[in-house]
Every structure is written in structure tokens, then in C-alpha cells.
Amino acid sequence: MADEIQDKAAGVVEAIFGSGGEAEAEAKEELKGDPAVPTSPQTTAAEARVEVKADGGKIATLVDGTTVETFPDDSKISTFPDGTVVESKADGAKITSWPDGTKKETRPDGQKITTRQDGTTTVNNADGTKIVTWPDGSQRESRADGTKVETLSGGVVTETQASGVKIATFPDGTKMHTLVDGTKVAFMPDGSQVETRPDKTKTTTYADGTTVESRPDGTRITTWKEQSTQETRPDGTKVTKWPDGTMLEVQPDGTKVTTRPDGKVEISKAETKPEVKCCCLAG
């Protein structure tokens, strides 16, 4: 039934304004398929009133109150009884306005922009990109390759790539990369970098090249840019290694074990203070 009504409405327009050639036929077909166009007009050409303007434009008024105004440049404005207005421009652009304040614009390049009554806008580009912007300034962009970019009201931007990698950019310039395996890498504005693995191992790399690795068992390994390292173990033992092969182990009791590049080992026991005894003489 709806198709019959739409066909009849299209017939009225054709009877009033003529077929208009291939371009007009395509425009009418688009009009019929647009959900913004009511399917209620049930009339015939004889029941329509036509006003011809001095500039050659025409205004057709249907018995249900629908009006279709055609301008000399072949653009049109259709106003329906419920307040819906469809403006078709000569360049192929079309703007539909609903009574609730929703507005949809289709541009010649295929871009579609929908603005809702709360201020939310949705932009659909011809390349498949979709951008939704909310009144608070937050935004979500969905790209054709599957990437999604969201801008939160506080200025934080998150990007979810098709591979599953997530990148969050904060207002201060900090960037947080979350990899597919759960590893998180934070890039700081000062040039430092912090990597946190799923097993809770954390590696901090400073701008000067120094790295500090903290493991879940409490082990801490510091590597300086000249490649000397110091390992602090859970029991308090500290092992320092130098690029020339020298190694120093300081044990919790203070014992020091030095291993030289030639394999020589030196052991130094912690010094113990002599016990001091106090003798008190009775007076």
C-alpha cells in the first residue's frame, strides 16, 4: 500500500512539472526512498492547486496541505503537513528537517550530516568514515579500516586500531599504548617510557638511557647508559656488573664478593665493631 501511495504522489509531481528528464526521474526516486518523506499524500493531479510565479517557479499545493515549490534553477522545497521540510538543491544536495529539530543534509560528494535536537551530529563520509560529535565536545570517529578514534570531553583521545592496539593521548602529551597481549607502554612528555607487562613486570626507560626493571618477585634491575647494571634481589643482595666484566656482590650481612675480569675473586667480610664493656667501680 505504501508503494502505491508513493507512486501516486510521484505521479502528481510528474503531472504538474513534467518528467524533467533522467535527472528528474532520479531525484523523484530518491525522494520516494527517503524515510523523511511522508507516504500519506493520496491525491491526483486534478486535486492539486498550482501557482506559477513570475520568475517561472511553481508552487503545487496538494489537498492534504503538502506543498512543493520548484525554483527556476530546478531546486525544490517540499513542506509536509507534519512540518517535515525537504529541500533539494540544483547541485544534488538535499536537506531534510524534521519537526523535532532533527536535520539531515546529503551533499553531492555523498557526505551525509545528521544533526539531532540535542546537538549531537553524525557525519558519514563517502569513504566510509563516520564521525559522531556530542554536545559536551566528545567525539567518536569510525574509519573504514576498522580504526575507532574517540575524543573525550576532558581532551583525552583514544584510538582503537583494527589490529586491537589501543592508543590513548592525554592533554599533557602522555601517550598510552595498550597492545593486544595486554602490555601497556606509556610515553611521557619528558621522553621517558614505562612498559607494564601482563605479568606485572614494569620497565621504565628514562630520557638519558637509564632503564629500571621491576619484577613481581621484588627484583629490581637498573641499567645505566654505559651498560653497567645493578640487580637488587628480594633478600637484599645487590649485584653490580660493569662493562669490563667486573662484578660486585654485596650480601645482606655486608659481605662483599668481587669477581674480576680474569676470574679472580675477592671476598671482604663486613667489619664487626668490638664489644665495649663498661666496668663500674663502687665508690
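**Legend 1. How far apart in sequence are the residues that meet in this protein?** Take the contacts between residues at least 6 apart in sequence: 9% of them join residues at least 24 apart. This is a predicted model, so keep that in mind as you look around. The protein has 25 strands and 2 helices. Of its 283 residues, 28% count as buried. The accessible surface adds up to about 17500 Å², and carbon and sulfur atoms own 51% of that.

**Legend 2. Strands 9, 10 and 11 are linked by two hairpins.** Start with strand 9 (residues 121–124) and strand 10 (residues 130–133): they run antiparallel and are joined by 4 bridges. Look for valine 123, and you'll find isoleucine 131 of strand 10 standing opposite. The hairpin has 5 residues between the two strands, and glycine 128 takes a positive phi near 95° there. Now move on to strand 11 (residues 139–142), which runs antiparallel to strand 10 and is tied to it by 4 bridges. Here threonine 133 faces glutamine 139 of strand 11. This hairpin, too, has 5 residues between its strands, and glycine 137 in the turn has a positive phi of about 95°.

**Legend 3. Glutamate 213 sits in strand 19 (residues 211–214).** Is glutamate 213 buried or exposed? Its relative accessibility is 18%, and because the cut-off for buried is under 20%, glutamate 213 counts as buried. Its side chain makes a polar contact of 2.8 Å with the side chain of arginine 215. Skip the neighbours within four places in sequence, and glutamate 213 is in contact with Thr201, Lys202, Thr203, Thr219, Arg220 and Ile221. You can also check threonine 196, which is 17 residues away along the chain: its C-alpha atom is 9.8 Å from that of glutamate 213.

**Legend 4. Threonine 237 is found in the loop between strand 21 (229–232) and strand 22.** This loop residue is buried, with a relative accessible area of 5%. Which residues does threonine 237 touch, not counting those up to four places away in sequence? They are Glu231, Thr232, Glu249, Val250, Gln251 and Pro252. For proline 252, the C-alpha to C-alpha distance from threonine 237 is 5.5 Å, although the two are 15 residues apart in sequence.

**Legend 5. Threonine 240 belongs to strand 22 (residues 238–241).** With 11% relative accessibility, threonine 240 counts as buried. Its side chain and that of glutamine 230 share a polar contact of 3.3 Å. Leave out residues up to four places away in sequence, and threonine 240 touches Thr229, Gln230, Thr246, Met247 and Leu248.

**Legend 6. Two stretches of the chain carry a UniProt domain annotation.** The record, an unreviewed entry, lists "domain: Centromere protein J C-terminal" for residues 72–106 and 234–267. Try picking out the ends of residues 72–106: their C-alpha atoms lie 21 Å apart, and the span is 46% strand and 0% helix. Then do the same for residues 234–267, where the end C-alpha atoms are 22 Å apart and the chain is 44% strand and 0% helix.

Definitions and conventions: Residues numbered from 1 in each chain as written. Predicted model: local features only at pLDDT ≥ 70, side-chain atom pairs only at ≥ 80, totals over all residues. Heavy atoms only, no water. Buried < 20%, exposed > 50% of the residue type's maximum accessible area, 1.4 Å probe, protein only. Contact = heavy atoms within 4.5 Å. Areas by Shrake-Rupley, 256 points an atom, 1.4 Å probe, with all protein chains shown as cover. Pairing = 2+ DSSP bridges. Polar contact = N/O pair within 3.5 Å; in protein donor to acceptor, adjacent residues only side chain to side chain. UniProt positions renumbered as here; feature names shortened; annotations may be inferred.
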